[in-house]
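Grab a pencil and work through the exercises below. Try each task on your own before you read its solution.

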Amino acid sequence: MASELASVPGEPVHTESITSSVGFGDLPMDGGGRSQMVIETAPSGGSRKKWMIPAAIILVAVMLAAIIGLSVGLTRSNNDGNSGDVSAKLGGSDPMSPTQSPAVTAANLAAVTEYIELNQYSTAASLDDPDSPQSKATLFMAQRRIIPTDDSGDFYVYKWMEEYALAVFYYSTNGDAWTSDSDFLHPEFQTCGWFLNVEKAGAMLPQGALCSSPNPNDAVVNSLQFWDNNLRGTMPAELGLLTALQRFMSIADVISGTIPDTFANLKGLVVFDCIGCGIDGAIPEWINELTSLKYLFLKGNQLTGSFPAVMGTMTNLLDISVEDNFLTGDLSELASLTNLQFLYLEDNGFGQIIDEGFLKNLVQLEILDISDNGFEGQVPVHLMATLTTMDVHGNGLTFFPDTIPAAVNGTIIEFLTVHDNPLTGLFPVNTITNLVNLEHFDATSTKFDGDMPTELGDIRKLG
């Protein structure tokens, strides 16, 4: 399968900062010429205000798309803004063409069920339940595909398994009630045609299953992405069968429950984005098996526990966003993630004493948000050499050093907020006046002695 997989085009960094820069990678096209556009934003310094999950992320994504011009990705044959060139999705002479659909008989259904069970795609218990997503997907496959034989070839075997797994996902998330059906389970389309460009606040965004190649003869699904599409249900274990998957995104949908252990099979997963889904339980101990993971976006869920020790080996990680959960513990497991650029931990229960060694090896870190947690000790001024944004408000910090490392002088930091900490002593004039690019500074509700110094007026950019 290695030759059939393409890298994720244009990896997304984050989707929350309106002041972000926007980039588009090479846009994969489906067989009908419809662009499979993924909007990507790179965070910049600025306020990380809380937002309402069901609408704000989508609105920001759409606004950014409009700013840079939708002609970048949507100027092909998709003039109707919806399904594109339908004829190219029909399969033709492709070996996976739906025209091979067998007649559904009791014997055929039993054979499909047996094939699924023997290959351990699903548990016997789930297949025995006639109302389960697995049983519904089995019936769908019995109506649609001839089960693979010894002569079928690896590609057909994988595509059959892929189609089954996606059907289970559809039924597990109440697909019949999706806002847009995204052409999922379309009787005439292959899996690479199971997506639609849907309108979000005036822009068209691709939603559904996106593939790695425009050629249906070697294309595999490498991305699943949905925005506020009324997905309601659980994340099925069968998604772990999609070993070609590189991006999973479900924003402002309700896919509750724990992260299935079968996700450990997704060695090529680069983006795991489930913001506001309602996932609960702990970050799994096997997460280090996602050896390609760069972007972990799990904001606004019900996660508990601490960062597992194995996360310290995940040196490919660039962005961790787990705000608004119930996570606890310290950040010692993250201290070796030397490539990490963005760390968002707001509104959890993390805590430790911050000193000069706190996260000192994160030399690529650009944004640090540890606000509304239980940290004590000092403001980590030693990290300002690389940061554009530091938000440490709402903790138990008591000391703001007024002597800073030489590397911090002239730093690029633009946003600094330390409010709602019991900081005491004299105001750190030397530290603050050396932050020449500072645009936003908030030290309200602290316990500094005296008035704010007049030297703050020397920082020209500070409004």
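**Exercises with worked solutions**

Keep in mind that this is a predicted model.

**Exercise 1.** Work out what span helix α2 (residues 106-118) should have, and check it against its end C-alpha atoms.

*Solution.*
- Step 1: Helix α2 has 13 residues, and the rise is 1.5 Å a residue.
- Step 2: The expected span is 1.5 Å times one less than the number of residues, so α2 should span 18 Å.
- Step 3: The end C-alpha atoms of α2 are 18 Å apart, which agrees.

**Exercise 2.** Find out how the buried residues of α2 are arranged around its axis.

*Solution.*
- Step 1: Remember that buried means under 20% relative accessible area and exposed means over 50%.
- Step 2: List the buried ones: N108, V112, Y115 and I116 of α2.
- Step 3: Look down the axis of α2: its buried residues fall within an arc of 95°, so they line one face of the helix.
- Step 4: Now check the other side of α2, where A106, A107 and L118 are exposed.

**Exercise 3.** Name the residues that make a nonpolar surface patch of about 200 Å², then place L139.

*Solution.*
- Step 1: The patch is made by V104, L109 and L139.
- Step 2: L139 belongs to helix α4 (residues 133-144).
- Step 3: The relative accessibility of L139 is 36%, so L139 counts as partly exposed.

**Exercise 4.** Give the strand order of the open sheet of 4 strands, and explain what happens at its edges.

*Solution.*
- Step 1: The order is β10-β12-β14-β16, and the pairing is parallel.
- Step 2: At the edges stand β10 (280-282) and β16 (349-350); each has a single partner strand, so one side of each lacks a neighbour in the sheet.
- Step 3: Zoom in on β10: with strand β12 (residues 302-305), β10 pairs in the parallel sense over 3 bridges.
- Step 4: Within this pair, G281 sits opposite L303 in β12.

**Exercise 5.** Look at the phi angles of A252 and D420, and say whether each residue is buried or partly exposed.

*Solution.*
- Step 1: Most residues other than glycine have a negative phi.
- Step 2: A252 is not a glycine, yet its phi is positive, near 65°. D420 isn't a glycine either, and its phi is positive at about 60°.
- Step 3: A252 lies in the loop between β7 (247-251) and β8 (254-256), while D420 is in the loop between β22 (415-417) and β23 (424-426).
- Step 4: With a relative accessible area of 9%, A252 is buried. D420 has 39% relative accessibility, so D420 counts as partly exposed.

Terms used:
Residues are numbered from 1 along each chain as its sequence is written. This is a predicted model: local features need pLDDT of at least 70, side-chain atom pairs count only at pLDDT 80 or more; totals for chains, interfaces and linings use all residues. Side-chain values use heavy atoms; hydrogens and water are left out. Patches are made of residues with over 30% relative accessible area and no salt bridge: like charges are joined within 9 Å, nonpolar side chains (Val, Leu, Ile, Met, Phe, Trp, Tyr) within 5 Å. Accessible areas come from the Shrake-Rupley method with a 1.4 Å probe; for residues, only the protein chains shown count as cover. A salt bridge is a side-chain nitrogen of Lys or Arg within 4 Å of a carboxyl oxygen of Asp or Glu. Helices (H or I, at least four residues) and strands (E, at least two) are DSSP runs, numbered from the N terminus. Buried means under 20% relative accessible area, exposed over 50%, partly exposed in between (1.4 Å probe, protein chains only). Two strands pair if DSSP finds at least two bridges between them. The arc is that of the directions from the helix axis to the C-beta atoms.
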